[in-house]
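Colleague: I would like a close look at one part of this model, and then a connected account of how the rest is laid out around it. Please take your time over it.

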Amino acid sequence: MLHTIVIFGASGDLTQRKLVPALFRLFCKGRLPKESRIVGFSRTDFSHDAWRADLRESLAANLGAEFEASKWEAFAANLFYLRGDIGQASDFDKLARFLTEIEPKGDVTRLYYLATAPQFYEPAIVQLGRSGLAEESNGPRRVIIEKPFGTDLKTAQRLNEIVHGVFHERQVYRIDHYLGKETVQNLLVLRFANSIFEPLWNRNFIDHVQITVAEEVDVGSRGAYYDTAGVVRDMFQNHLLQLLMITAMEAPARYAADAIRDEKVKVLHSVRALAGHDVRQHTLRGQYDGYLKAEGVAEESHTATFAAIELSVDNWRWQGVPFYLRSGKAMSCRTTQIVVQFREPPHMIFASGPHSAIESNRLVIQVQPAEGIQLHFETKVPDAGMMLRQTDLDFRYQREFRGAIPEAYERLLLDALEGDASLFARADEVEAAWAICDPILEAWQKNDEPALLTYEPAMWGPIESIDWMAKRGRQWFDTCPVLH
Ligand code: BG6
């Protein structure tokens, strides 16, 4: 099957920084289906050659030494550009004509990638429908929709309605790039291709789970967008809840899009709703010192750049096991990790041995940047009586497999070209995620509690979060991964 990828928002940042580099890497590895055409569509005035030259420059800068100049010409020969405005129906008709001109006769799979600002998703989808571009008599037609998918439950539902007015759900690929990360997929493998973890993966052995996505960077030049979104919309509704779903889901019957997504969505439906007073009790919010000075941020903005949220998953497996989700900008270091904290031994026979929750077994899944898994356990220190110390079994991707870990977009683009939606969010999944976040956002907007705390950049969020966890008899696992 031949392929055409149409990128709406072709002159934008995402296209330059992520999409075209991912497509070029796939091409260099010989993975991009032969003769895949890539068509850029946006308002900037480019000729085909000017767009190619622009991309070559940004790719070379982006990939540095990795840029394989010798492969560029062959890749560039299949790059095309069409100037067009998403608001103009006639530009979509022009696109439809252009695609038939450049595509060979016969069936072609088309992927429409919406890499535009979110307000253009709706008109673009409507126009794709009106101009016949979604129609499948000459091969599959698929649409990839970037995040954010809506800004709350209502807008997500509305967008889903618009999408379903034009495309069947099987044609829709809602991106969450966290699902394209190797280590996130490896969590599925860890859980469902090994037999030793499953018997322990429940309330009988696990005390709690911590999911942290800490970023060292602050909002930088994205203040205008970020100030309207905040950490819950930007990180929790999508990435953190995805990590929660994969950690907590039941084993699907097979590796197939609907089997996986059925199980994932059940997790979200089991999350106990937080409302009003619960939000006060189970969430913590903060803003880093200096945020208000960032470009595009409102003078007295109350936008949270850090949040910690305690969630309960009310089902047989997880009853009584809290999940602590935490994310923030301007934190100590960049790390995404899932910590599965096991229970203490029921009875400690070693008098001098440690006997606190934090010293019991712990499985740390390092999603990034030190991709790997560590299992922490107690060991006897040699020649020191019965002194104990925590040590770990340490698996690291770099040590084991060498080679660079591919960018999430490579896998996701390939899957979408091949029609595998396993690593994309389904309509009901996105809506269920908003249904968890909406009451939190509403309560934060209405109430002064929990207060918006200020934190120093390069810390693990507000200092108060240590107490917040201590009150729960627990401690954050604040460790920056060692890169080597
Ligand atoms: C994006 C958010 O979805 O994810 C950004 O909008 C955030 O604010 C980014 O920085 C984090 O992605 P990664 O892959 O760097 O962890």
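Colleague: Which strands does helix H1 (residues 13-28) lie across, and at about what angle does helix H1 run to E1?

Modeller: This is a predicted model, and within it helix H1 lies across strand E1 (2-8), strand E2 (37-42) and strand E4 (108-114), running at about 170 degrees to E1. These three strands belong to an open sheet of six, in the order E3-E2-E1-E4-E5-E6, with parallel pairing. Strand E3 (79-83) and strand E6 (172-174) stand at the edges of this sheet, and because each has a single partner strand, one side of each is left without a neighbour in the sheet. Ignoring direction, neighbouring strands here are turned by 20 degrees against each other on average. At the E6 edge, strand E5 (residues 141-145) pairs with E6 in the parallel sense over three bridges, and Ile 144 stands opposite Tyr 173 in E6.

There is also an open sheet of nine strands, in the order E14-E13-E12-E11-E7-E10-E9-E8-E15, and its pairing is mixed. Its edge strands are strand E14 (388-396) and strand E15 (452-455), each of which pairs on one side only, and the twist from one strand to the next averages 20 degrees. Strand E13 (residues 372-380) and E14 run antiparallel and are joined by nine bridges, with Phe 377 standing opposite Thr 391 in E14. Helix H7 (residues 182-192) lies across E13 and E14 as well as strand E11 (335-342) and strand E12 (362-368), and runs at about 145 degrees to E12.

Turning to the ligand, the residues that surround it include Lys 147, His 177, Tyr 178, Lys 181 and Gln 368. Gln 368 has an N or O atom in its side chain 2.7 Å from an oxygen atom of the ligand, while for Tyr 178 the corresponding distance to an oxygen atom of the ligand is 2.5 Å, and a polar side-chain atom of His 177 lies 2.8 Å from an oxygen atom of the ligand. On its own the ligand has 400 Å² of accessible area, of which the protein covers 80%. By residue class, the shell around the ligand divides into seven charged, three polar and two nonpolar residues, and the largest share of this shell, three residues, comes from helix H8 (residues 223-248).

How values were computed: Residues are numbered from 1 along each chain as its sequence is written. This is a predicted model: local features need pLDDT of at least 70, side-chain atom pairs count only at pLDDT 80 or more; totals for chains, interfaces and linings use all residues. Side-chain values use heavy atoms; hydrogens and water are left out. Two strands pair if DSSP finds at least two bridges between them. Helices (H or I, at least four residues) and strands (E, at least two) are DSSP runs, numbered from the N terminus. Axes are lines fitted to C-alpha atoms, for helices over the stretch in contact, and angles run from 0 to 180 degrees between N-to-C directions. Contact means heavy atoms within 4.5 Å. A residue is near a molecule or strand if one of its heavy atoms lies within 4 Å of it. A polar contact is a pair of N or O atoms within 3.5 Å; within protein, one must be able to donate a hydrogen and the other to accept it, and residues adjacent in sequence count only if both atoms are side-chain atoms. Accessible areas come from the Shrake-Rupley method with a 1.4 Å probe; for residues, only the protein chains shown count as cover. Ala, Val, Leu, Ile, Met, Phe, Trp, Tyr, Cys and Pro count as nonpolar, Asp, Glu, Lys and Arg as charged, and the others, Gly among them, as polar.
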